[in-house]
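Hi there,

Here is the structure I promised to pass on. Please have a look at it first, and then read my notes below.

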Amino acid sequence: MSPSPTTTEPAAALPARKAFFGHPRMLANLFSVELWERFSFYGMQGILLYYMYYSVTDGGLGMDEGVAAGLVGAYGGGVYLSSIAGAWLADRILGSERTLFYSAMIVMIGHISLSLVPGYAGLAIGLVLIALGSGGLKANATALVGSLYEKTDERRDAGFSIFYMGINIGALIGPILTGLLWDSFGFHVGFGLAAVGMGIGLAQYAATRKYLPESAHLVANPLPKAQFARVGGLAVLVLAAVGAAIAFGLINSQNLVALMAVVALLSAIAYFVVILSSKRVSAIERKRVFSFMPLFVASTAFWALFQQQFTVVALYADTSLNLDLFGWEMPPSFVQSINPVFIIVFAAIFASMWTKMGTRQPGTPLKFGMGLAVMGLAFLAFIPFSGGGPASTPLLALAGILLLFTFAELTLSPTGLSAATKLAPAAFPTQMVALFYLSVSLGSTLSGWLAQFYNRETEVGYFSFLGLTAIALGIILAAFAPAIKKLMGGVR
């Protein structure tokens, strides 16, 4: 059996009764697992920023808004940065299936810590565990979806869009229910519901994991047993060093964002070097990895704007948005569910559109450029409503802006996940997905860093600069699309 997912039994060879909306049956299982994991993740994140900067008398921790926003960005970056470790464990030691299972357990323990342990201790323990577990879960769930298709299967992008819809069903329900519980019973009860959601997802995966393809249980590039002790010792040293740095104040809330950004950037550079220098990578695979570099930069820029849903947009919803809903003032966390609603509505439309277009659909670089440009337009759309004061922005207006967020996301994000699996060398299937998530890590961290410059007094300049920059980057990427496509070696 080949360790590469490219040789996994293609979906087309499966019996018709195994189909899931015209896709491999196992897509339904991964769809469901990711739905519950996203329920817990976004349910928690929907109320996280408010928990951090609301006053102690309101049940929060009383942090400065800018510091809290920066930490949310750093945490988001940490989630995606830890996908490196999860991908490495899958490719070298455990395989994707077992890594996903253990990661889900760690996530659930993290949510329980946030719910039961009070104060900064619960925040630190919970966020670290959730970041570590989510990283391992993300990269491997994506890799398992990719293993269901051949690289030339035109249904591949559509399959990722369907998988993405499952993610967003969880992302829709999570913030609504945790927000309601926060509003009625306090933050910790909301965090507790997130733990319950992750528990449901874990139980569902435990019951269905045996039905995954045989390739999901294989280790793509096994680590020689003679190196286990050395690698384990190195991991212990790294953890000890990080713990000591935190204990002595070398890592703190003021410099964490910058440190996370540097670590994510250096990790990405190191990963590109390792993959490109590997003797197991062929000449055409090496060209494909080079073609992924401009996509990595574009993806980083995109996520630096998109992830501000959890920083700047969350602050905007709490201070400038009219939250009156037919006489009832809804919790600001509900805003986090607007984007998932649109994803659910439009994901199938985008998937159908790409499928019908087939080989006529825009190539991956052009889709990335389009996504960046639309993201820039979304930020420019804030300008007419800026500076209006408390409760001055209509809910419908913010919904329209988040609709643009959605169109940009559906154009770039599923395409990026699919491109990572299509451009991956045979020896690095999961770790190429981790590279895509590294772009999300760096972008998420930058979203927290950028949020520290957001000020309601100067928000027109803030939105203008970011919007115009994104549009310019999108145009540049589109101009270089033919050259990038040539490096991709026949991969669309």
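**Salt bridges**

Let me start with a pair of charged side chains: Glu37 and Arg38 meet in a salt bridge, with 2.6 Å from N to O. Are these two residues buried or exposed? Both Glu37 and Arg38 are buried. They also belong to a network of salt bridges in which Glu34, Glu37 and Arg38 are linked. Please keep in mind throughout that this is a predicted model, so every distance and angle here was computed from predicted coordinates.

In total, the structure holds 4 salt bridges. One of them joins the side chains of Arg456 and Glu65, at 3.7 Å from N to O. Arg456 sits in the loop between α15 (429-451) and α16 (459-479), while Glu65 belongs to helix α2 (residues 65-81), so this pair ties together parts that are 391 residues apart in sequence. How accessible are the two partners? Arg456 has a relative accessible area of 33% and is partly exposed. Glu65 counts as partly exposed too, because its relative accessibility is 26%.

Another salt bridge is formed by the side chains of Glu97 and Arg209, with 2.3 Å from N to O. This pair also links distant parts of the chain, 112 residues apart: Glu97 is in helix α4 (residues 96-116), and Arg209 is in the loop between α7 (187-208) and α8 (228-247). Glu97 counts as buried because its relative accessibility is 4%, and the cut-off for buried is under 20%. Arg209, at 21% relative accessibility, counts as partly exposed.

**The protein as a whole**

Stepping back, here is the general picture. The protein has 17 helices and 2 strands. Its C-alpha atoms fill a box of roughly 60 × 50 × 45 Å along the principal axes. Why does the radius of gyration agree with a compact globule? A compact globule of 492 residues would have a radius of gyration near 23 Å, and the protein has 21 Å, which agrees.

How much of the chain is buried? Of the 492 residues, 56% count as buried. Among the contacts with a separation of 6 or more, 82% come from residues 24 or more positions apart.

On the outside, the protein exposes about 19300 Å², and carbon and sulfur atoms supply 71% of that area. As for charge, there are 27 positive and 21 negative charges, and their mean positions are 18 Å apart.

**Two residues in helices**

I also looked at some individual positions. Gln45 is found in helix α1 (residues 26-53). With a relative accessibility of 6%, Gln45 counts as buried. Which residues does Gln45 contact, leaving aside its neighbours within four places in sequence? Its contacts are Tyr75 and Phe310.

Ile106 has its place in helix α4, the helix that also holds Glu97. At 33% relative accessibility, Ile106 counts as partly exposed. Its C-alpha atom and that of Leu132 are separated by 7.5 Å, although the two residues are 26 positions apart along the chain. Once neighbours within four places in sequence are left aside, Ile106 is in contact with Leu129 and Gly133.

**Two residues with positive phi**

Finally, here are two backbone angles to look at on your screen. Phe326 is not a glycine, yet it has a positive phi of about 55°. Phe326 lies in the loop between β1 (324-325) and β2 (328-329). Is Phe326 buried or exposed? It counts as exposed, because its relative accessibility is 83%.

Ala391 likewise has a positive phi, near 55°, in a residue other than glycine. Its place is the loop between α13 (364-380) and α14 (395-422). Ala391 has a relative accessible area of 43%, so it is partly exposed.

If you would like somewhere to begin, you could bring up Arg456 and Glu65 together, the pair that ties together parts 391 residues apart in sequence. After that, Phe326 can be found in the loop between β1 and β2.

Happy browsing, and best wishes!

Notes: Residues are numbered from 1 along each chain as its sequence is written. This is a predicted model: local features need pLDDT of at least 70, side-chain atom pairs count only at pLDDT 80 or more; totals for chains, interfaces and linings use all residues. Side-chain values use heavy atoms; hydrogens and water are left out. Helices (H or I, at least four residues) and strands (E, at least two) are DSSP runs, numbered from the N terminus. The radius of gyration is taken over C-alpha atoms; the globule rule is 2.2 Å times the number of residues to the power 0.38. Buried means under 20% relative accessible area, exposed over 50%, partly exposed in between (1.4 Å probe, protein chains only). Contact means heavy atoms within 4.5 Å. Accessible areas come from the Shrake-Rupley method with a 1.4 Å probe; for residues, only the protein chains shown count as cover. Lys and Arg count as positive and Asp and Glu as negative; His and the chain ends are not counted. The place of a charge is taken as NZ of Lys, CZ of Arg, CG of Asp or CD of Glu.
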